[in-house]
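Visitor: I would like a close look at a single part of this model, a loop position, and then a walk outward from there. Could you take me through it step by step?

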Amino acid sequence: MVRQKKATLVLAAMLSMVTVFTGCQPKQEAAPAAAQTQAPAQATADANSVRVIKHAMGTTEIKGTPKKVVTLFQGATDAALALGVKPVGAVEAWIEQPWYNYIKDKMDGVTNLGSENQPNLEKLVALQPDLIIGSKFRDEKIYEQLKAIAPTVMTEDVYFWKDSLKLTAEATNTKDAETKLLADWNKKVTDFKAKMGDKLKLEAGIVDFRVDHARIVYTGFSASVLEELGITRPANQRGKEWGIQLQSKENITQMDADIIFDQTANRTDGRLELRKTWSDSPLWKNLRAVKANKVFEVNAATWNNGSGPLAASLMIDDLYKFYGVTK
């Protein structure tokens, strides 16, 4: 009763502010009854203990094992599911809405909180969560509102799955599940490297076509997975920045690599049309990967948008096939 009164007061106090954040969102259907977080078998702390979690916005006290978890970026949703925690609410996927196909079967009954860039705070309050997982990258401006609703923790960014997994496990009290997941991951990485051998020396690039430009990806989710697997990247496609934008087909030569992973999202907003125009260019056809028939159109949901441990594992599965290596 106390929590319900608190949530009601918070919602009333924030109503005008919530309107600002949600007023531009399309009308959504009534949300399904809030799903209950699955109680992880590996809970590592007493239900009544209070833990202090350090995160990108400071520290947050969390009591026991949260039962109603909300995730505000894709990597947190992926990480929670990997740890056996089903959120009661989550922001919708960038593509394959409302949820990515690779996690859709695990998201039945989860309330759609709208855009990752602008979550519906009114719906969030109505869920009465006892934990919110967000990111400084997306949610810094609404952190004060979020922590007034429920204990809130935030990652620094949204693309680095091990950081998202670590914070999610700490906050949801599922560190044992994280330990097992990482052990399985390390075995998979070791196996992949051993079977790849000299193929790891082949230079692999990551490209991404948008509506009005093309991108070469330097860092981020997919790049970090390739790096951990020991896959070589072209010298001109490395750096601390996220990557570069190419505005003209004259820059296609910068994409040269032995293998190219094309993570362009399959959308109807003009991206595929731009890719078609560029791939018709003689410069494209002269790239090493193109001439060797080693350009692979990958699933943007698992190679870019998902950014969690489940997506990373699916990436490795893809790479076994792309490189012709037996699992």
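Guide: Let's start in the loop between β5 and α3 (121-126), where Q118 is found. This is a predicted model, so please read every value here as computed from predicted coordinates. Is Q118 buried or exposed? Neither label fits: with a relative accessibility of 23%, Q118 counts as partly exposed, because the buried class ends under 20% and the exposed class begins over 50%. Across the chain, Q118 and V91 lie 8.8 Å apart from C-alpha to C-alpha, although 27 residues separate them in sequence.

The strand before this loop, β5, belongs to an open sheet of five strands with parallel pairing, in the order β5-β4-β3-β6-β7. Both β5 (111-112) and β7 (152-155) are edge strands with a single partner strand each, so one side of each has no neighbour in the sheet. Further in, β3 (residues 69-71) and β6 (residues 131-135) run parallel and are joined by three bridges. Within that pair, V69 of β3 stands opposite L131 in β6. Strands of a sheet pair in this way through backbone hydrogen bonds, either parallel or antiparallel.

For a contrast with Q118, try T77, which sits in helix α2. T77 has a relative accessibility of 2% and therefore counts as buried. Leaving aside residues up to four places away in sequence, T77 touches T71, A90, I103 and M107.

Now look at what covers the sheet. Helix α6 (residues 161-172) lies across β3, β6 and β7, and runs at about 165° to β7. α6 also packs with α7, at an angle of about 155° and with the two axes 8 Å apart. That angle makes α6 roughly antiparallel to α7, because angles over 145 degrees are counted that way. On the α6 side, the contact is made by W161, K162, L165, K166, A169 and E170, and on the α7 side by K175, E178, L181, L182 and W185.

Those two helices lead on to the largest nonpolar core, which has 48 residues; F192, I231, F261, L319 and Y323 have the most contacts inside it. Among the elements that each supply at least two residues of this core are α2 (74-82), α6, α7 (175-196), β8 (204-209) and β11 (259-262). The most comes from α13, with seven residues. F261 shows how such a core residue is surrounded: beyond residues up to four places away in sequence, its contacts include A204, I206, V207, L226, F296, W303, L319 and Y323. There is also a second, separate core of 16 residues, which includes V70, L127, Y143 and A150.

Away from the parallel sheet, have a look at β1 (residues 50-55) and β2 (residues 58-63), which run antiparallel and are joined by six bridges. A hairpin of two residues connects β1 to β2, and the bridge partner of R51 in β2 is I62.

Last, a word on confidence. The protein chain has a mean pLDDT of 89, and 86% of its residues reach 70 or more. Residues 1-44 are another matter: the pLDDT there is below 50, even though this stretch has 79 contacts in the model beyond near neighbours in sequence. Where pLDDT is low, the predicted coordinates should not be read in detail.

Conventions:
Residues numbered from 1 in each chain as written. Predicted model: local features only at pLDDT ≥ 70, side-chain atom pairs only at ≥ 80, totals over all residues. Heavy atoms only, no water. Pairing = 2+ DSSP bridges. Helix = DSSP H or I, 4+ residues; strand = E, 2+ residues; numbered from the N terminus. Contact = heavy atoms within 4.5 Å. Axes fitted to C-alpha atoms, helices over the stretch in contact; angles between N-to-C directions. Core = buried A, V, L, I, M, F, W, Y, C linked by side-chain atoms within 4.5 Å. Buried < 20%, exposed > 50% of the residue type's maximum accessible area, 1.4 Å probe, protein only. pLDDT = per-residue confidence, 0-100. Parallel < 35°, antiparallel > 145°, perpendicular 65-115°, else oblique.
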